[in-house]
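I opened a fresh notebook page for this structure and went through it a few spots at a time. Come along and look over my shoulder.

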Amino acid sequence: MSPQIETDEHKALRAAVATLGAKYGRAYLTRTISEGRPPTELWQEAGKLGYLGVNLPEEHGGGGGGITELSIVLEELGAAGSPLLMLVVSPAICGTVIARFGTEHQKRTWLPGLADGSLLMAFGITEPDAGSNSHRITTTARRDPASGDWLLTGRKVFISGVDMADAVLIVGRTEDARTGRLKPCLFIVPTDAEGFHRRPIDMELNAAEKQFELTLDDVRLPADALVGDEDAGLLQLFAGLNPERIMTAAFAIGMGRHALSKAIEYARDRTVWKTPIGAHQAIAHPLAQAHIDLELARLMMQKAAHLYDAGDDAGAGEAANMAKYAAGEACVRAVDQAVHTLGGNGLTREFGLASLITAARVARIAPVSREMILNYVSHQTLGLPKSY
């Protein structure tokens, strides 16, 4: 099947998720944000309907699909105005890593709950001095020789949804006994573990999911808190980062579609000098261009998801980065044009677009900046020398 063509099952999934999204919508999400609480009702209903775990294995309570299906869920919820950012984190990153590399005990413990929404996991990689350069991560794990436990120490920043999470999948480093170098490893850290501390970061971004700084002070973890092979941490890490980029693209495309739909409705209805403003090419053409950009970004996202689900991690890496880049740019332009189309109304609470101006920038910045993606493509795809 060509990745550009959706199956009937995918079309049915889109329609069903769109129905759920319409039930909640932007007004619901705005209300939860104003009340300072997460969108629990939507999360729970999405879990009950099987949407949260659509990518997870059937034998562990999931839908048996892949990132292709999960990206449809996030995109359609976003298009309805109620995206769930933690879909990027809990089932896409953490669920994928555990499903691919976790022990049977870890799978039985976590995957059913991640699938039905009764459990939620955050993901901790970014540090104060280690963002895009994951090789500079200083959070370290060392063995307690007496018990075999792990002791985890370090700091993380900009970790989403920790207040909602039961555990955080933490990227740390262990010392290689042969070389003495630090190598990345992933650990499941319960949020109620002794020595685990969180501090909310004061963000001007008004989002349902809060951001946190984490401090891990000799957090003691059992030996089986390590996910997968201690010597294959980098492979396992990137197995989670490709879905993160694909899902961020879905988040951005959904947001852009939502903004564009509001602008199109307004341009059809708003009449000046007896003519709908949408009849003027100065209004119509930029909206048409925004639609084209979003559709092109979606095609690259579908290609990336198709490659990832087919097991082509290398091919998916390139496509996922390009999809995230294209979607972030398309989202920012669509939101900007939507606000501009509404004029002063675009900045009112009534129409709900102004808050997207800041939110749209996130897709350009996180989880990796557009400049680092351009670095990736210039080095990995074009074969140009590195500048760093």
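Before checking any helix length, I wrote down the rule: the expected span of a helix is 1.5 Å times one less than its number of residues. I also noted that this is a predicted model.

**Entry: helix H10**

I took helix H10, residues 370-381, and put its twelve residues through the rule, which gives 16 Å. The end C-alpha atoms of H10 are 15 Å apart, so the span agrees with what is expected. Next I asked myself which residues of H10 are buried. They are Ile-373, Asn-375, Val-377, Ser-378 and His-379. Looking for what covers these buried residues, I found H8 included in the cover. Just after H10, I noticed Gly-383 with a positive phi of about 75°.

**Entry: H8 and H9**

H8 had come up already, so I followed it to another partner. A reminder to myself: two packed helices are described by the angle between their axes and the distance between the axes. For H8 (residues 313-342) and H9 (residues 354-365), the axes come within 8 Å and cross at roughly 165°. Angles over 145 degrees count as roughly antiparallel, so H8 is roughly antiparallel to H9. The crossing is left-handed.

I then listed who meets whom. From H8 come Lys-324, Gly-328, Glu-329, Cys-331, Val-332, Val-335 and Val-339, and from H9 come Leu-356, Ile-357, Ala-360, Arg-361, Ala-363, Arg-364 and Ile-365. Sorted by class, this contact holds nine nonpolar, one polar and four charged residues.

**Entry: H3 and H7**

I looked at a further helix pair. The axes of H3 (residues 67-79) and H7 (residues 281-309) come within 8 Å and cross at roughly 145°. On the H3 side I found Ile-67, Thr-68, Glu-69, Ser-71 and Glu-75, which meet Arg-298, Met-301, Ala-305, His-306, Tyr-308 and Asp-309 of H7. Their classes are four nonpolar, three polar and four charged.

**Entry: two single residues**

I moved on to Glu-175, which sits in strand S4 (residues 167-175). Is Glu-175 buried or exposed? Its relative accessible area is 54%, and the cut-off for exposed is over 50%, so Glu-175 is exposed. From Glu-175 to Ala-141 I counted 34 residues in sequence, with 8.1 Å between their C-alpha atoms.

Last came Thr-191, in the loop between strand S5 (182-190) and strand S6 (196-200). Leaving aside residues up to four places away in sequence, Thr-191 touches Val-162, Ala-165, Asp-166, Ala-167, Val-168 and Phe-196. Ala-288 is 97 residues from Thr-191 in sequence and 46 Å from it in space, C-alpha to C-alpha.

Conventions: Residues numbered from 1 in each chain as written. Predicted model: local features only at pLDDT ≥ 70, side-chain atom pairs only at ≥ 80, totals over all residues. Heavy atoms only, no water. Axes fitted to C-alpha atoms, helices over the stretch in contact; angles between N-to-C directions. Helix = DSSP H or I, 4+ residues; strand = E, 2+ residues; numbered from the N terminus. Parallel < 35°, antiparallel > 145°, perpendicular 65-115°, else oblique. Left-handed = near helix turned anticlockwise from the far one by under 90°. Contact = heavy atoms within 4.5 Å. Nonpolar A, V, L, I, M, F, W, Y, C, P; charged D, E, K, R; others polar. Buried < 20%, exposed > 50% of the residue type's maximum accessible area, 1.4 Å probe, protein only.
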